[in-house]
Structure formats: structure tokens, C-alpha cells
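This report covers one residue environment and then the sheet with the helices that pack on it. The sequence and the model are shown below.

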Amino acid sequence: MSARIIDGKSFAATLRDRVGTEVSRLKDSYGVTPGLAVVLVGEDPASQVYVRNKGKQTLEAGMHSVEHRLAAETTEADLLDLIDSLNADPAIHGILVQLPLPGHLNSDLVINAIDPAKDVDGFHISNVGLLGTGQKAMVPCTPLGCILMLRDLHGDLSGMEAVVVGRSNIVGKPMANLLLGESCTVTIAHSRTRDLAETCRRADILVAAVGRPEMIPGDWVKPGATVIDVGINRIAAPEKGQNDDGSAKTRLVGDVDFASASAVAGAITPVPGGVGPMTIACLLANTVTAACRIHGLPEPEGLAI
């Protein structure tokens, strides 16, 4: 068996095109331009690249984009004041505070200061509660991307057995809630799960979100299962040679051993090019959804759960 490769890059490009179409509709029909504000505190290199990509894709979709880059020593009071001003700004429909924050800042306090209607990351406690009780919520971007790809692949997910390996608030828990909403039978597994291998082997849908490179081998995968690999891990790749400073070059891998798993699975997301591209595309989709809800306008189909 050779697994079907789920092309997240192509799916994300299609989703961004749909977002662009909806942005044009909102502008032309209602005079509303969806606006996204991204706040970056500090100079983490990976976060800087991510924020730059978000801004670029927001503008390409025809949306209003604002970036606030704050010094690492920014006080909590100053950051909360900025969030208050963005909450009150009618041109802003989505607010995202890039994580992780510097250690002196309380991430929970900061996230929960965002207006839940503008919480396009879906991390505010109100949105967490709404999602957990099956109500309309802003859904975290990465799990949203996963469920959109699963719906596209399978159509009806009802009755399928799903195992989510990882229990983070950002991916694992919301992913499990979304799968429950699709009427799957859901197990959340983690580092202390007894016989993790056997638990994974039960899954028709296996979602790996633990942040440990290639920890799930192919013999943990049920033949024909769909594997969604959320992990993005950078490991040494001495076979690629050395950098100018003499250090080994690196490569990206997921939480699943792709080579062995793809020989068993029915479908699988690669790393890179699988789940990763969907995250920013879903952020844009969430911003359009937020703009529609804030203005009481009809929501486009297929951009939200």
C-alpha cells in the first residue's frame, strides 16, 4: 500500500483564493474590509518570520493588515493597553498576539484580554468553552485546518475512531472537540498513555501533535488509516553537509515517521507541505468569519465550523 499524500499546500492555496473572493464580496456589497492586527513582543526569529508571512498573505487576500512589533521588555500594562485599543478599533476584526510571549508576561491574562469576537486564534476562554460545548466559536487555526482537510478527504466522518496524540490547549484538546462535533469516537492519548502503540493502532484517523520528531512509526498505524501529522520539528541532517559555520544542516520532520507510515496509511499529510500551510490560511478565514459576525452579515460556507 502507498498512502495518498494530502497536499496541504494546494488546499491552503485554494482556501486563500476563497478568502480573497469573500473579502471582495464584503467590500463590494457591504463596504466592509476585514482587518487583522498581529502583535509581536520580542525578537524571536521564528516568530518574526511567521508574523511577516501572515502580514504578506493578509494583504494578498485584500484585507487590512496591521502589525505591532513591541520590545521584549514591554510591560504587561502597556501590552494590555494596546489590546484594549485594538478591541475598540472598528477597522480591526481579528487580533492575534504571537506566542510565546517573554517570560515576564502572563499569556493567559493577555489572551483573555482580547475581545472574544476578535479572537481569531480561538484561544480565549470564552471560545474554548463554546467549542467544548458544541456552540459556535472562533476555532484555533491549526485544528480548523485539519478538520477541513479531513472533511474534504472523507466527507462524513461520523462513526470513525479518532486518536489524537497530544493534549495541548492549542491543538490536542480543540482537535478532539472538533472530531467529537463530527460524531467521531475520540481518544486523547499522551506521554502517559498505557500502551500508546496499541491505542494508535485503533485509529481510523490518527492526529499526531506532540512535538517529538518521528516518534510514531509505521507499525503504530492501522492499515488504511488517515494520518494527520501536526508536528514540525527541525533535526540535524548531516547527509546534507555543513553550514558555513561548520554546523550540520537541518531538515524538517513531523511527529510521524513518514517513510514507514506512508507504506501503511491510506492517506497522510507530509512535513513540510501538509498541515503547516493551512494555519495561516485558516487565520485569514477566521478573520473573514469574525468580520461577518461582528457586522451581522451572512457567513460564507466552508470557512468556519
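In this predicted model, Gln-98 has a relative accessible area of 7%, which is under the 20% cut-off, so Gln-98 counts as buried. Gln-98 sits in the loop that connects strand 4 (94–97) with helix 4 (107–111). A polar contact of 2.7 Å links the side chain of Gln-98 to the side chain of Lys-54. Apart from neighbours within four places in sequence, the residues in contact with Gln-98 are Val-39, Leu-40, Ser-47, Tyr-50, Val-51 and Lys-54.

The sheet is open and consists of six strands with parallel pairing, in the order 1-11-8-7-5-6. Strand 1 (4–5) and strand 6 (185–189) are at the edges; each has a single partner strand, so one side of each has no neighbour in the sheet. Strand 7 (residues 205–208) and strand 8 (residues 226–229) run parallel and are joined by four bridges. Ala-208 lies opposite Asp-229 of strand 8.

Two helices that touch strands of the sheet are listed here.

| Helix | Strands touched | Angle between directions |
|---|---|---|
| Helix 6 (residues 141–154) | strand 1, strand 7, strand 8 and strand 11 (267–268) | about 160° with strand 8 |
| Helix 7 (residues 172–181) | strand 5 (161–165), strand 6 and strand 7 | about 170° to strand 5 |

Strand 7 thus appears in both rows: helix 6 touches strand 7, and helix 7 lies across strand 7. The edge strands are also covered in the table, with strand 1 touched by helix 6 and strand 6 crossed by helix 7.

Conventions: Residues are numbered from 1 along each chain as its sequence is written. This is a predicted model: local features need pLDDT of at least 70, side-chain atom pairs count only at pLDDT 80 or more; totals for chains, interfaces and linings use all residues. Side-chain values use heavy atoms; hydrogens and water are left out. Two strands pair if DSSP finds at least two bridges between them. Helices (H or I, at least four residues) and strands (E, at least two) are DSSP runs, numbered from the N terminus. Contact means heavy atoms within 4.5 Å. Axes are lines fitted to C-alpha atoms, for helices over the stretch in contact, and angles run from 0 to 180 degrees between N-to-C directions. Buried means under 20% relative accessible area, exposed over 50%, partly exposed in between (1.4 Å probe, protein chains only). A polar contact is a pair of N or O atoms within 3.5 Å; within protein, one must be able to donate a hydrogen and the other to accept it, and residues adjacent in sequence count only if both atoms are side-chain atoms.
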